[in-house]
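Reader: I am new to this structure and should like to be guided through it. May I put some questions about its strands, its loops and its surface?

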Amino acid sequence: NSHQKTNSSKLTDNFDPLTHDYVLMDSLLSNKYTSYYNTNAVGLGYGYFDKLVRMHLNVDAQYARLEGDRILPVGTAIDRTFKNILPRGMIRFNISKNENLGLFYRSSTSAPSISQLQDVIDNTNPLQLSSGNPNLDQSYTHNLFSRYSLTSPKQNSTFFAMIRGSVTQDYVGNNTIIANDDTTIRPGVVLAKGGQYISQTNLDGYYSLNGFTTYGRPIGFLKSNINLNLSAGITRIPGLING
């Protein structure tokens, strides 16, 4: 099990003509927030080992609870629970003494950060307002990793290849509104025409894929080693613009 507690305060003061100082709290632009994320899990595992194959499989049942307490400007609270099945596993093939292949899979969940939950307006740039979203859910990620290696003692060469991929459900992405006209975002907060308001929302469609390979061997007449590397990757990050 795990327990995470995070606090954040964003306070904005307005000018007080009586004291000639910035001491009047702006309730529209101030916020105090505390978030709690607790997880508990129980699981079963199975392992198998011999000279050629090494394998381990595990399945966890996870119960998670996300709580949030907003003190300013108005006291509110969120309390949501999540139930997930989290499998993970690995299998490694010892093809020979100098050659092996490994496959690894892991699933995981993560809670939104406190800055993503905190719904105070940030107007540092009046043409690009931003805030969090207290209604965000946790995200669920699948990770897959494969690795292959081959060494040749006769040639003193090595070859290595790796592929890593991930897919995330309920990814926390940006929800951007570009105002065609002066638009009231909240009572007392107006987004000027052409300005942007950025908040967060849960979206499906995030994925990432990366590959890497390298080959190395000595070059006798140079008395050196040469290594050839090749890598490539692609990442898709979902977001919304005016819906």
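The exchange below takes up strand pairing, loops, surface and contacts in turn.

Reader: What kind of model is this?

Author: Before any detail is discussed, the origin of the coordinates should be stated. The model is predicted.

Reader: Over how many bridges do β9 and β10 pair?

Author: Strand β9 covers residues 139-152, and β10 covers 157-169. One bridge joins Tyr-140 to its partner in β10, Gln-169. The two strands pair in the antiparallel sense, and the number of bridges is 13.

Reader: Which residue takes a positive phi in the hairpin of β9 and β10?

Author: This hairpin has 4 residues between its strands. Most residues other than glycine have a negative phi. A positive phi near 55° is found here in a residue that is not glycine, namely Asn-156.

Reader: Is Asn-156 buried or exposed?

Author: Asn-156 lies in the loop between β9 and β10. Its relative accessible area is 53%. Since the exposed class begins over 50%, Asn-156 is exposed.

Reader: Where is His-20 found?

Author: His-20 has a positive phi of about 55° although it is not a glycine. With a relative accessible area of 61%, His-20 is exposed. Its place is the loop between β2 (13-16) and β3 (21-25).

Reader: With which side chain does the side chain of Ser-139 make a polar contact?

Author: Ser-139 is in strand β9 and is buried, at a relative accessible area of 10%. Apart from neighbours within four places in sequence, Ser-139 is in contact with residues including Ser-108, Thr-109, Thr-168 and Gln-169. The polar contact of its side chain, at 2.8 Å, is with the side chain of Ser-110.

Reader: Which residue in β15 stands opposite Ser-166?

Author: β10 also pairs with β15, in the antiparallel sense and over 11 bridges. Opposite Ser-166 in β15 stands Ser-208.

Reader: Which strands each supply at least two residues of the nonpolar patch?

Author: The patch has an area of about 440 Å² and is made by Ile-163, Val-167, Tyr-207, Leu-209 and Ile-234. The ranges to compare with these positions are 157-169 and 206-219. Each supplies at least two residues of the patch, and the strands are β10 and β15.

Reader: Is Val-167 buried, partly exposed or exposed?

Author: Val-167 is found in strand β10 and is one of the residues that make the nonpolar surface patch. Its relative accessibility is 44%. Because the class between under 20% and over 50% is the middle one, Val-167 counts as partly exposed.

Reader: What distance separates the C-alpha atoms of Ile-198 and Leu-240?

Author: Ile-198 is in strand β14, residues 196-203, and counts as buried at 16% relative accessibility. Not counting residues up to four places away in sequence, Ile-198 touches Gln-128, Leu-129, Ser-130, Ser-131, Asn-174, Asn-175 and Thr-176. Ile-198 and Leu-240 are 42 residues apart along the chain, and their C-alpha atoms are separated by 9.6 Å.

Reader: What separation is found between the C-alpha atoms of Asn-38 and Ser-130?

Author: Asn-38 is placed in strand β4, residues 31-49. Leaving aside neighbours within four places in sequence, the contacts of Asn-38 are Ser-2, His-3, Gln-4, Tyr-63, Ala-64, Arg-65 and Glu-67. Asn-38 and Ser-130 are 92 residues apart along the chain, and the separation of their C-alpha atoms is 27 Å.

Definitions and conventions. Residues are numbered from 1 along each chain as its sequence is written. This is a predicted model: local features need pLDDT of at least 70, side-chain atom pairs count only at pLDDT 80 or more; totals for chains, interfaces and linings use all residues. Side-chain values use heavy atoms; hydrogens and water are left out. Patches are made of residues with over 30% relative accessible area and no salt bridge: like charges are joined within 9 Å, nonpolar side chains (Val, Leu, Ile, Met, Phe, Trp, Tyr) within 5 Å. Accessible areas come from the Shrake-Rupley method with a 1.4 Å probe; for residues, only the protein chains shown count as cover. A salt bridge is a side-chain nitrogen of Lys or Arg within 4 Å of a carboxyl oxygen of Asp or Glu. Buried means under 20% relative accessible area, exposed over 50%, partly exposed in between (1.4 Å probe, protein chains only). A polar contact is a pair of N or O atoms within 3.5 Å; within protein, one must be able to donate a hydrogen and the other to accept it, and residues adjacent in sequence count only if both atoms are side-chain atoms. Contact means heavy atoms within 4.5 Å. Two strands pair if DSSP finds at least two bridges between them.
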